[in-house]
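User: I'm new to reading protein models and keep tripping over the vocabulary. Could you go through some of the labels with me and show where they come from?

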Amino acid sequence: MLISATLVATSFIVGKAITPFLDPVVLTLIRFSLAALLFAPYVNHRYGLSLPNRSGLVRYSLISGALVGFFWLMFLSLRITTPLNTGAIFTVVPGVSGIYSWFLLRERLGFHRFLALLVAMAGALWVIFEGDLQRLWSLDLNHGDLLFFGGCLLMALYMPLVKLLHRGEPMAVMTLWILITGCAWLLLFAFAKLFVIPWTSVPVIVWIGIAYLAFFTTIVTFFSSQWATLHLGPTRVMAYSYLYPPLIVLIEWLLYRDLPSMKTMFGVMIILPAMIIMQRGAMEVGVRR
């Protein structure tokens, strides 16, 4: 999960680097299409490929709608805001996901998850406003931060929808059809744009970035998260998302020798205890069981 969290942290930085060169909807479509093409041979070899029935396609389309909305808003927001801000905001996803699960699945949010949500939100707000309380009180928000927060509300819906709409099929099969139906959603919005983009002038670095996102931060993280869930449980796996902000700081320092201000670093450090709180809560539940 440390490897998986590091790969996901790099996605914010890679996304920031390539999003100025392609429309966010088109960028998301290419990423989903490439991930589906890379994933399909494995699913075909392991389980066989067959077209789902109408009910299955509706289920997968509902789930992919939330996922597509998140990635589109992520690429859109990264044109305006920073990878660190998006990483900090993403830490609210586990807590919000717990709230959705309470409404949709009647799962208890639990004291530890609620406390972790409060701690993560405090740290995220500190990072976003750079420790400036006056900006916080006046809600001087970056437009990109608002867009990404909207995306996080959609991403938080993803796992509860998977649990609600899963009908016993292998998770790899479900994931593939979520990617395929996601491509269908994106084609609705991107079809006209595909004919006006000057494809020959798109820099090579963009294609490398998309390939990286499709393989490492989509397929590799899928397998690592699935494997880790069997050994750690879903709540402890989810808790690793609180590592994104410090990992983004570390990666940006390694790449650019650039560090945020000490005030912002303090906000990053506030977020870290949220991971410990959620891990501890998950372990205590395991012990009681």
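Analyst: Sure. Let's start with a cut-off: a residue is called buried when its relative accessible area is under 20%, exposed when over 50%, and partly exposed in between. Keep in mind that this is a predicted model.

User: OK, so what makes E169 count as buried or exposed?

Analyst: E169 has 14% relative accessibility. Buried means under 20%, so E169 counts as buried.

User: And why does S55 in helix α3 get its label?

Analyst: S55 comes out at 47%. Partly exposed covers values between 20% and 50%, so S55 is partly exposed.

User: How do you know that E169 and R59 form a salt bridge?

Analyst: Their closest N and O atoms are 3.1 Å apart. The cut-off for a salt bridge is within 4 Å, so the pair qualifies. R59 is buried too, because its relative accessibility is 11%.

User: What does the pair of E169 and R59 tie together?

Analyst: E169 lies in the loop between α8 and α9, while R59 is in helix α3, so the pair links parts that are 110 residues apart in sequence.

User: How many salt bridges does the structure hold?

Analyst: There are 2. One of them joins the side chains of D23 and K193, with 3.2 Å from N to O. D23 sits in the loop between α1 and α2 and K193 in the loop between α9 and α10, so this pair ties together parts 170 residues apart in sequence. D23, at 25%, counts as partly exposed, and so does K193 at 31%.

User: What about E252, why is no salt bridge listed for E252?

Analyst: The nearest side chain of opposite charge, K16, is 8.4 Å away. A salt bridge needs the atoms within 4 Å, so K16 doesn't qualify. E252 is in helix α12 and is buried. Leaving aside neighbours within four places in sequence, its contacts are I13, P83, R257 and D258.

User: Last one: why is α5 called oblique to α8?

Analyst: The two helices pack at an angle of about 45 degrees, with their axes 8 Å apart. Roughly parallel needs under 35 degrees and roughly perpendicular starts at 65, so about 45 falls in the oblique group. That makes α5 oblique to α8. Their crossing is right-handed. Residues of α5 that meet α8 include V93, V96 and Y100, and those on the α8 side include C152, L153 and M159.

Methods: Residues numbered from 1 in each chain as written. Predicted model: local features only at pLDDT ≥ 70, side-chain atom pairs only at ≥ 80, totals over all residues. Heavy atoms only, no water. Helix = DSSP H or I, 4+ residues; strand = E, 2+ residues; numbered from the N terminus. Buried < 20%, exposed > 50% of the residue type's maximum accessible area, 1.4 Å probe, protein only. Lys, Arg positive; Asp, Glu negative; His and termini not counted. Contact = heavy atoms within 4.5 Å. Axes fitted to C-alpha atoms, helices over the stretch in contact; angles between N-to-C directions. Parallel < 35°, antiparallel > 145°, perpendicular 65-115°, else oblique. Left-handed = near helix turned anticlockwise from the far one by under 90°.
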